[in-house]
Amino acid sequence: MTIKKRILAAMLAAPAALAIAAPAHAQAAGIAYASPTTVVGKSKAFAAARQQIETTYKGAFDQMEARRTALATELKPLVAQLDTNKDGNVSDDEAKAAQNAKNPAIEKIRTAQTNAQNDLARLSNPAARSELFAIESVLRQFEAAQLRVVNARKISVVLSPEVFMYAPDSADISDAIVAEIDKTTPTVGIQPPADWQPSRDTQQIQQQLAQIAQLRAYQAAAQAQQQRPAGAAPAAAPAAAATTGKKPEPR
């Protein structure tokens, strides 16, 4: 996963339940489920938007990476002060001892991290806002696309995945909804109006997409580690989030 893609998000929340019931004239042929998060993530429009965002905000992404590097440089000597046994790691006991001794390095580390977080939030906010707008633009197509699938398959009820204890793969109509959206909306814009504000559902889906991307990055890193020959240098772990700490709410 590229740094740019990791930048675009790291908030955690429950997926939005945006499914709707089929119209009264639909035949009772069964119950299905659909995930709006899956639909957005797999849509051609969202993939194209992500590529456009990477290009549009490349300068900001580069500045964010430089800011992270500067933070790491600033923290290195401060963290070294806490590593009393000089083994290259700060253990829980060493951290606790530094806290009890009121080591000034602790406060300096906190201040450096807070300053970096504020800088990264400022730099990442425009790209995060653009991504939210793209997500919401895809979501506006969701209900109509779902209704077309419901009518075509004569489904009686569509629920969100969370309500199922078990369902066969055939009950998932997310990919069918993606196909319908791809037909009508292959692209969406990434520049929202100045007064636009994302909905709660949109923010939740962005958080879910970030969580999924993070999980895939860790899985890829773990697989690469397993395949690495003995004695080879370990790969760096993927970043857990694009910014230091909690990702800012777009404004």
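**View 1. Ile31 and a nonpolar surface patch.** In this predicted model, Ile31 is partly exposed, with a relative accessible area of 49%. The residue sits in strand β1 (residues 31-33). Together with Leu159 and Val163, Ile31 forms a nonpolar patch on the surface. The accessible area of the three together is about 250 Å².

**View 2. Helix α3, end to end.** Helix α3 covers residues 44-56, 13 residues in total. At 1.5 Å a residue, the helix should span 18 Å. The end C-alpha atoms are 18 Å apart, so expectation and model agree. Buried positions in α3 are Ala45, Phe46, Ala49, Arg50, Ile53 and Glu54. An α-helix has 3.6 residues a turn, so residues three or four places apart point the same way.

**View 3. The largest nonpolar core.** This core holds 34 residues. Val40, Ile135, Val138, Ile173 and Ile177 touch the most other members. Elements giving two or more residues include α2 (36-42), α4 (58-82), α7 (142-153) and α9 (200-227). Helix α6 gives the most, with seven residues. Nonpolar side chains tend to be buried together in soluble globular proteins.

**View 4. Contacts of Val138, and another core.** Neighbours within four places in sequence are left aside here. Val138 is then in contact with Val40, Ser43, Ala45, Phe46, Ile181 and Val188. Apart from the largest core lies another, of ten residues. Among them are Leu75, Ala98, Ala105 and Ala116.

**View 5. The salt bridge between Asp119 and Arg67.** The whole structure has nine salt bridges. In one of them, the side chains of Asp119 and Arg67 meet at 2.8 Å, N to O. The pair links distant parts of the chain, 52 residues apart. Asp119 belongs to helix α6 and Arg67 to helix α4. Arg67 is buried, at 18% relative accessible area. Asp119 counts as partly exposed, at 24%.

**View 6. Glu180 and its two partners.** Glu180 forms a salt bridge with Arg148, with the closest N and O atoms 2.8 Å apart. This pair joins helix α8, home of Glu180, to helix α7, home of Arg148, across 32 residues. Glu180 also forms a salt bridge with Lys183, where the closest N and O atoms are 3.4 Å apart. Glu180 and Lys183 both lie in α8, three residues apart, about one turn of the helix. Glu180 is buried, at 17% relative accessible area. Arg148 is partly exposed, at 35%, and Lys183 is exposed, at 62%.

**View 7. A salt-bridge network.** Arg67, Asp119 and Arg122 are joined into one network by salt bridges that share partners.

Key
Residues are numbered from 1 along each chain as its sequence is written. This is a predicted model: local features need pLDDT of at least 70, side-chain atom pairs count only at pLDDT 80 or more; totals for chains, interfaces and linings use all residues. Side-chain values use heavy atoms; hydrogens and water are left out. Patches are made of residues with over 30% relative accessible area and no salt bridge: like charges are joined within 9 Å, nonpolar side chains (Val, Leu, Ile, Met, Phe, Trp, Tyr) within 5 Å. Accessible areas come from the Shrake-Rupley method with a 1.4 Å probe; for residues, only the protein chains shown count as cover. A salt bridge is a side-chain nitrogen of Lys or Arg within 4 Å of a carboxyl oxygen of Asp or Glu. Helices (H or I, at least four residues) and strands (E, at least two) are DSSP runs, numbered from the N terminus. Buried means under 20% relative accessible area, exposed over 50%, partly exposed in between (1.4 Å probe, protein chains only). The expected span of a helix is 1.5 Å times one less than its number of residues. A nonpolar core is a set of buried Ala, Val, Leu, Ile, Met, Phe, Trp, Tyr and Cys residues joined through side-chain atoms within 4.5 Å. Contact means heavy atoms within 4.5 Å.
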